[in-house]
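Subject: The structure, and what turned up in it

Hi,

Here is the structure I said I would pass on to you. Please have a look at it first, and then read on for my notes.

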Amino acid sequence: MTTDKDIEQQVLTTIDKWVEKELRPIAREFDQADQYPTELVEQMKALGLFGATIDEQYGGLGLSASTYAKIVSRICEVWMAPSGIFNSHLIMASCVQRAGTEEQKTRFLPRFATGELRGGIGLTEPDAGSDLQSIRMVARKAGDDYVINGTKTWISNGINGNCLAVLTKTDPNADPRHRGMSLFLCEKGEGFTVGKKLKKLGYRSIDSAELIFDDFHVSANNLIGGEEGLGFAQVAGGLELGRINIAARGAGMAKGATDMALAYAMERKTFGKPIAEHQAIQLKLAEMSTRAAAAALLVEQAAIKYDQKERCDLEAGQAKFFASESAVQNSLDAMRVFGGYSYSPEYEIERFYRDAPLLCIGEGTNEIQRMIIAKQMVSRAR
Ligand SMILES: Cc1cc2nc3c(=O)[nH]c(=O)nc-3n(C[C@H](O)[C@H](O)[C@H](O)COP(=O)(O)OP(=O)(O)OC[C@H]3O[C@@H](n4cnc5c(N)ncnc54)[C@H](O)[C@@H]3O)c2cc1C
């Protein structure tokens, strides 16, 4: 009999082979050129990655968060950017799967699963990131439609994607503010345009964009859940999976940086022996591998709780916070191990050093994450 563990192993073996054959060989060149990996996207469609966590009844693979997190980590051990192409997309899908009407699930999820409709989540605005309830984008009811006006920024997949879950204000005067927030599925069309592609320190090859909504008409049937005022809670629900995914990226990057540092330290010789035999380097390697292992365990703990449908904001927050900081620290430590060569684009480690800090910002900054963890600690202790 095939068990869930067998299926997970099969999936991970397929991913590992794909990463080695297709992803690793192009990572440096595509990152340096900030080139969108179109062929990889086609391969991701064939692998079913755009439907990884979408239920099988809607055409997805129906994988658990735990297996999904391991896929994300394996990819990010080598190159983080491609994971963003399906990760943000699956947060959008998760909002529909958890909060959409049956009609919306049937209409959107199968097209999300194949990658025919691809995109992400549009929350951040030029004047509002952490304080999401202060967004200004407005959706006003007009007959059977809503008309959306405003600007979103830093939106992953904003250029190459064709659909976005967009957080708006349907009642800008609501008190409390979250009661006036609603989430819409917006397919690109007249009035929904790309303002500009944003330049970035790292996380290249995936598009980050400013998006402009100018009298964009969206059908009222695309209001997720069919009721106004639920958008903030829907986004918060989707972000639990989002945080596990960022944590999984961090755990993968922390391990990838450690593996690279170990391999280099065993080859590079100074004073007549490999630097891996110098105690100062050994201390770094030991700390790096411990961080990477601990990060992976925290990700697994959060993912298991998520799969058991238990509240996991504390666990997902801890995993996201620790794994992202581990990715930053390990990429910095690996730079030290590589010495002067760390500064060269001929080696992969400089990309890790540029990519990792994003993980401390996305899906709720690590400052906000610690506030969430502490609030949950207090509430659970009551
Ligand atoms: C490459 C990239 C991709 C992204 N992709 C997306 C995407 O796909 N969709 C999307 O919607 N957004 C996306 N973002 C935006 C990201 O989610 C926001 O940048 C993030 O939420 C932080 O918001 P902010 O930049 O406005 O910072 P701010 O909210 O202005 O925060 C600035 C600083 O103040 C701190 N801070 C804020 N409030 C508090 C507080 N109450 N207490 C203590 N400290 C506080 C923050 O932690 C941070 O250190 C992306 C960003 C980047 C860089």
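Below I go from the whole chain to its helix pairs and then to single residues.

**The chain as a whole**

Please keep in mind that this is a predicted model. The chain holds 10 helices and nine strands. Its radius of gyration is 21 Å, close to the 21 Å that the globule rule gives for 382 residues, so the chain is as compact as a globular protein of that length. The C-alpha trace spans about 80 × 50 × 50 Å along its principal axes. As for burial, 51% of the 382 residues count as buried. If you take the contacts with a separation of 6 or more, 75% of them are between residues 24 or more positions apart.

**Helix pairs**

Three pairs caught my eye, and two of them involve helix 7. Two packed helices are described by the angle between their axes and the distance between the axes, so I give both for each pair.

Let me start with helix 6 (residues 231–267) and helix 7 (residues 279–307). Their axes come within 9 Å and cross at roughly 155°. An angle over 145° counts as roughly antiparallel, and helix 6 and helix 7 are therefore roughly antiparallel to each other. The crossing of the two is left-handed. Sorted by class, the residues of this contact are 21 nonpolar, three polar and three charged.

Helix 7 also packs against helix 3 (residues 65–76), at an angle of about 145° and with the axes 8 Å apart. Which residues meet there? From helix 3 come Ala65, Ser66, Ala69 and Ser73, and from helix 7 come Ala296, Val299, Glu300, Ala303, Ile304, Tyr306 and Asp307. In this contact of helix 3 with helix 7, seven residues are nonpolar, two are polar and two are charged.

The third pair is helix 1 (residues 4–33) with helix 2 (residues 38–47), whose axes come within 12 Å and cross at roughly 165°. That angle makes helix 1 roughly antiparallel to helix 2. Here the crossing is right-handed. On the helix 1 side, Thr14, Trp18, Glu22 and Leu23 take part, and they meet Leu40, Gln43 and Leu47 of helix 2. The classes in this contact of helix 1 with helix 2 are four nonpolar, two polar and one charged.

**Two residues, two settings**

Is valine 72 buried or exposed? This residue is in helix 3. Valine 72 has 29 C-beta neighbours inside 10 Å, and so it counts as buried, the cut-off for that being 20 or more. Leaving out residues up to four places away in sequence, valine 72 touches Ser83, Asn87, Asn245, Ala248, Arg249 and Gly252. Between valine 72 and valine 337, which are 265 residues apart in sequence, the C-alpha to C-alpha distance is 26 Å.

Threonine 3 sits in the segment before helix 1. With 8 C-beta neighbours inside 10 Å, threonine 3 counts as exposed, since the cut-off for exposed is 12 or fewer. The C-alpha atoms of threonine 3 and cysteine 95 are separated by 28 Å, and the two residues are 92 apart along the chain.

**Backbone details in the loops**

There are also a few backbone details that you may want to look at yourself.

- The peptide bond from aspartate 175 to proline 176 is cis, with omega near 0°. Proline 176 belongs to the loop between strand 4 (163–169) and strand 5 (181–187).
- Asparagine 157 has a positive phi, near 65°, in a residue other than glycine. You will find asparagine 157 in the loop between strand 3 (145–156) and strand 4. Asparagine 157 is buried, with 25 other C-beta atoms within 10 Å.
- Glutamate 363 is not a glycine either, and its phi is positive at about 55°. The loop that holds glutamate 363 runs between helix 9 (349–355) and helix 10 (366–381). Glutamate 363 has 27 C-beta neighbours inside 10 Å and so counts as buried.

Happy to go through any of this together.

Best wishes

Methods: Residues numbered from 1 in each chain as written. Predicted model: local features only at pLDDT ≥ 70, side-chain atom pairs only at ≥ 80, totals over all residues. Helix = DSSP H or I, 4+ residues; strand = E, 2+ residues; numbered from the N terminus. Rg over C-alpha atoms; globule rule 2.2 N^0.38 Å. Contact = placed C-beta atoms within 7 Å. Axes fitted to C-alpha atoms, helices over the stretch in contact; angles between N-to-C directions. Nonpolar A, V, L, I, M, F, W, Y, C, P; charged D, E, K, R; others polar. Parallel < 35°, antiparallel > 145°, perpendicular 65-115°, else oblique. Left-handed = near helix turned anticlockwise from the far one by under 90°.
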